[in-house]
Amino acid sequence: MSDVQAIPASKSVSARVWKWIKWGLLALVLYFVGRQGYQLYQEQSESLTEIQIKPMWLILAGCCNFVAWLPSVWFWQRLMITSGEQVGFWPTARAYYCGHLGKYIPGKVSVLLIRATLLKEFGVRVSVSALTAAYETLAVMGVGLVVFLALVPYVFNAEQIAEWPAWIQAIQARPLLVPILFLFALFVSLPLVSRLLNLFSQKITKSEVEASAAEPRPTISIRLLYVGVFVFLLSWMLHGLSLGFVIASLGNSGLNWQEWPLWTAAISAAFSLGFAALFAPAGLGVREALIAAILAGSPAIGPVNAFVAALLIRIVSFASEILAAFVLYYVIRSRSGDDPASSQKETSPDTN
């Protein structure tokens, strides 16, 4: 009996230690980001006070952020449809954007629980919605990481790599070579990636959402994953454009379209690596540090605008997600009514 009692006790201690480690890492990241902002303020306080933010660009950034997640909504809906469920696009969007708010709760699993719960009233099995939501999240963040690695040549300018080895400078002279190679490797490896995504998504949802023995695990189509990669590439480009709108709000020159790859690299790195930082709710601190560091290397942006843009894109995306979740939650709820069967009938034409 003592051995049996010791197992839960050891698990409780390890969970407590891991909790303290996560909070400690989060505090450390926020400390360094705050110290960077304070030092920047001391060194260039005049430049910071002279910044005049143009709200119209921020509104465009918020709208672009909303649209940028729609490909993910479509992909998640298709995953559920191929798993035998019938759910419309906008009920899926309602659950998706409301689930976004769960990422600010430590642990990141709350996102899956919120999305699965909201779709339950539309007749979608909780096990299927949770598993496919985990699959979609891992897929879009994985593509985001590949996008960042593919756009690394656009992050560094000629002055920064002047003292680097000659072979790196040769790659920098052909910036399209790296994205082509990374995307080719991604598409070639998709069958293996599909198996890994299935494995990881089942592992994530296993402890939180258990399927009954009568409910078989849904199988994810590799063909759909190929299509998903294309729509995710579009999604990350739109996220980059949203960051570009934020940067444009800080100056008088408008959008510098030549830096679109840099915006996309910064935002994809921030989201994907911020997602991997399990200790940071919604990548808090990690996202801001990465965006500021990547944008600061651009002579057209500079460290001051880069840091301010990193903070503004957080505020804009958060406001956009809250507004989208609020509107979709109440609008779709009022249309669907309280009867899950009637709501499914109303949303079924969207799935055709």
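Helix α4, in this predicted model, covers residues 70–82, a run of 13 residues. From its first C-alpha to its last, α4 reaches 18 Å, close to the 18 Å expected at 1.5 Å a residue. Of these 13 residues, 10 are buried, so α4 is largely enclosed by the rest of the structure. The buried set consists of Leu-70, Pro-71, Ser-72, Val-73, Phe-75, Trp-76, Gln-77, Leu-79, Met-80 and Ile-81. Several helices supply the surroundings: the buried residues of α4 pack against α3 (55–68), α5 (89–100), α6 (110–120), α7 (126–150) and α12. After α4 comes Gly-84, whose phi is positive, near 100 degrees.

**Helix α5**

One of the helices packed against the buried residues of α4 is α5. Helix α5 has 12 residues, and its first and last C-alpha atoms are 16 Å apart, close to the 16 Å expected at 1.5 Å a residue. How many of the residues of α5 are buried? The count is 11 of 12, and the helix is thus mostly covered. Aromatic names in the buried list of α5 include Phe-89, Tyr-96 and Tyr-97. Arg-94 and His-100 also appear among the buried residues of α5.

**The chain as a whole**

The protein chain holds 16 helices and zero strands. It has 352 residues, and 47% of them are buried. Where contacts join residues at least 6 apart in sequence, 76% of those contacts link residues at least 24 apart. The accessible surface of the chain comes to about 17,900 Å², with 68% of that area belonging to carbon and sulfur atoms.

**The nonpolar core and helix α12**

The largest nonpolar core contains 85 residues, and Tyr-97, Leu-243 and Leu-295 have the most contacts inside it. Helix α12 (residues 222–248) gives the largest share of this core, with 14 residues. Tyr-97 is also one of the buried residues of α5. Leaving aside residues up to four places away in sequence, Leu-295 touches Leu-243, Ile-247, Leu-262, Trp-263, Ala-266, Ile-301, Gly-302, Ala-306 and Ala-309.

Helix α12 also contains Ser-235. Ser-235 has a relative accessible area of 0% and is buried. With residues up to four places away in sequence not counted, Ser-235 touches Ala-68 and Pro-71. Pro-71 is itself one of the buried residues of α4.

**Salt bridges**

The structure holds five salt bridges. Three of them are set out here.

| Salt bridge | N to O distance |
|---|---|
| Arg-94 and Glu-121 | 3.9 Å |
| Arg-115 and Glu-136 | 3.8 Å |
| Arg-314 and Glu-288 | 2.5 Å |

What does the salt bridge of Arg-94 with Glu-121 tie together? Arg-94 lies in helix α5 and Glu-121 in the loop between α6 and α7, so the pair ties together parts that are 27 residues apart in sequence. Arg-94 counts as buried because its relative accessibility is 1%, under the 20% limit for buried residues. Glu-121, by contrast, is partly exposed, with a relative accessible area of 29%.

The side chains of Arg-115 and Glu-136 meet in another salt bridge. Arg-115 belongs to helix α6 and Glu-136 to helix α7, so this pair ties together parts that are 21 residues apart in sequence. Both Arg-115 and Glu-136 are buried.

Arg-314 and Glu-288 form a further salt bridge through their side chains. Here helix α15 holds Arg-314 and helix α14 (residues 286–296) holds Glu-288, so the pair ties together parts that are 26 residues apart in sequence. Arg-314 is buried at a relative accessible area of 9%, and Glu-288 is buried at 7%.

**A nonpolar patch on the surface**

Which residues make the nonpolar surface patch of about 480 Å²? Leu-323, Phe-326, Val-327, Tyr-330 and Val-331 make it. Val-327 lies in helix α15, which runs over residues 302–336. The relative accessible area of Val-327 is 38%, and this residue is therefore partly exposed. Helix α15 thus holds both Val-327 of the surface patch and the buried Arg-314.

Conventions:
Residues numbered from 1 in each chain as written. Predicted model: local features only at pLDDT ≥ 70, side-chain atom pairs only at ≥ 80, totals over all residues. Heavy atoms only, no water. Patch = residues over 30% accessible without salt bridge, like charges linked within 9 Å, V, L, I, M, F, W, Y side chains within 5 Å. Areas by Shrake-Rupley, 256 points an atom, 1.4 Å probe, with all protein chains shown as cover. Salt bridge = Lys/Arg side-chain N within 4 Å of Asp/Glu carboxyl O. Helix = DSSP H or I, 4+ residues; strand = E, 2+ residues; numbered from the N terminus. Buried < 20%, exposed > 50% of the residue type's maximum accessible area, 1.4 Å probe, protein only. Core = buried A, V, L, I, M, F, W, Y, C linked by side-chain atoms within 4.5 Å. Contact = heavy atoms within 4.5 Å. Expected span 1.5 Å × (residues − 1).
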